[in-house]
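Visitor: Please choose a single part of this model and take a close look at it. Then follow the contacts outward and describe what surrounds that part.

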Amino acid sequence: MSAPAGYTPYHPRWYRRRVSVWWWLESRSYAGFVLRELTSIFVAFFALVLLWQVRSLAQGPEAYSRFLARLQTPLFLALNGVALLFLLFHSVTWFNLAPTAMVVRLRGKRVPDLVIAGANYAAWVVLSAAVAAILLRG
Amino acid sequence: MPPTVSLAVARYRPEEESEPSVQTYEVPFRKDWVVLDALNYIKDKLDGSLSFRWSCRMGVCGSCGMTVNGQPRLTCASFLSAEPPGPIRVEPLRYFPVVRDLVVDITDFLTKLKKVKPWIVRQEEKPLAEGEYLQTPDQLDAYKQFSMCINCLLCYSACPIYGLEPTFIGPAAIALAQRYNQDSRDEGSAQRLEILSHHDGMWQCTFVGECTKACPKHVDPAGAIQQYKLTSATHWFKTLLPWGGR
């Protein structure tokens with residue numbers, strides 16, 4: 001009686017399909033999602049550059065000019081260019097998703113999605129303009 | 001010759017084969033037919049051995065969810081005329097074990113659904129003599145969208161996280177937890193938060209957003225999960241405050 005347990009009406013033999021490693025290439029939205037997740041690496045990259053900048057600032061003017069010179073090398077220009085593209089993708093995709101995650105109710109009515117996304121974009125523009133103003137004046 | 005359309009249907013007969021195969025059928029092409037009508041035509045006229053689930057034919061029962069041309073859909077709401085030319089691929093819902101042909105086993109979901117206590121939890125029931133629990137239209141509005149779920153599991157089939165992490169409690173179960181959390185008569189949100197803050201709960205979700213796109217009843221499970229995350233995070237921050245308490 002060592003026959004393997006076969007199919008019987010009381011012992012279903014399920015078929016389970018394995019998820020392919022390339023599942024994220026199956027549709028455009030999956031690929032967009034994975035790309036959005038990858039943008040976190042570039043967010044971290046910008047944060048690290050900022051920390052590096054603060055450190056060299058603390059070390060004095062010589063260290064700071066060394067930092068600036070390093071940033072102007074082709075490698076860093078290219079890296080920063082790519083990182084900027086990913087960060088834009090990051091910001092735009094998350095701003096577009098914001099209305100789904102944030103439900104704001106005013107006088108019992110749900111604030112329309114466009115208003116919430118629009119408010120996020122408006123805050124982005126205002127903050128960017130403020131930063132640009134500070135930088136350009138200095 | 002009346003026009004016909006071919007359906008490439010996934011077959012799996014566990015007593016005969018160890019892996020699914022594809023069988024192609026030619027069915028009459030009618031403008032008012034949905035994929036489910038074509039499957040029923042096959043079952044009645046061409047091949048009685050084909051197995052699939054269906055019941056209401058009108059997007060209420062949630063039984064006829066399948067993968068049509070690669071997308072999780074209700075077959076009763078997928079018109080033949082809306083599909084691109086060529087054979088229409090009909091496969092079982094993704095990420096669930098296939099029992100036979102187009103029938104999947106949904107025990108996993110049913111177990112998870114029960115975990116989130118999808119019913120009204122009261123600390124103390126009001127005596128009958130005091131009458132019913134009243135609710136304003138605004139209070140109804142707060143959860144009505146989430147209550148439209150028909151458990152068709154298209155959202156699970158659309159969720160790559162569920163495919164990769166089968167222990168994830170999943171979109172519909174969390175949306176249904178939210179349905180009761182948002183209900184003014186319910187007092188069980190603390191119990192549900194306890195369950196859904198665990199590793200397999202809402203934090204597994206990385207907001208792919210496909211569940212919301214797949215949902216035929218516009219429940220927006222992705223929205224429910226993100227809103228729940230916000231509640232959970234706010235709750236956690238409050239416990240950090242000296243006056244917050246637990």
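**One residue and its surroundings**

Guide: Cys211(B) touches Cys155(B), Ala158(B), Cys159(B), Pro171(B), Pro221(B) and Ala222(B), leaving out residues up to four places away in sequence; contact here means C-beta atoms, placed from the backbone, within 7 Å. The model is predicted: local features need pLDDT of at least 70 and side-chain atom pairs count only at pLDDT 80 or more, while totals for chains, interfaces and linings use all residues. Residues are numbered from 1 along each chain as its sequence is written, and chains are lettered from A and ligands numbered from 1 in the order in which they are written.

Cys211(B) belongs to helix α8 of chain B, residues 210-214; helices are DSSP runs of H or I with at least four residues, numbered from the N terminus. Cys211(B) counts as buried because it has 30 C-beta neighbours inside 10 Å (20 or more is buried, 12 or fewer exposed, in between partly exposed). From Thr167(B), Cys211(B) is separated by 44 residues in sequence and by 17 Å in space, C-alpha to C-alpha.

One of the contacts leads further. Cys155(B) touches Cys211(B) and also Pro171(B), Ala172(B), Ala214(B), Cys215(B) and Pro221(B), again not counting residues up to four places away in sequence.

Cys155(B) is also among the residues that touch the most other members of the largest nonpolar core, which has 60 residues; the others are Val90(B), Cys159(B), Ala172(B), Ile174(B), Ala175(B) and Leu176(B). Such a core is a set of buried Ala, Val, Leu, Ile, Met, Phe, Trp, Tyr and Cys residues joined through C-beta atoms within 7 Å. Helix α6 of chain B (residues 171-181) gives the largest share of this core, 7 residues. The core lies between domain 1 (4-104) and domain 2 (107-240) of chain B, because both give residues to it; the domain bounds come from an automatic or database domain assignment.

Beyond this core, chain B meets chain A: 24 residues of chain B are in contact with 17 residues of chain A. On the chain A side, α1 (28-58) and α3 (74-101) each supply at least two residues, and α1(A) gives the largest share, 4 residues. That side has 11 nonpolar, 3 polar and 3 charged residues (Ala, Val, Leu, Ile, Met, Phe, Trp, Tyr, Cys and Pro are nonpolar, Asp, Glu, Lys and Arg charged, and the others, Gly among them, polar).

Key:
Contact = placed C-beta atoms within 7 Å.
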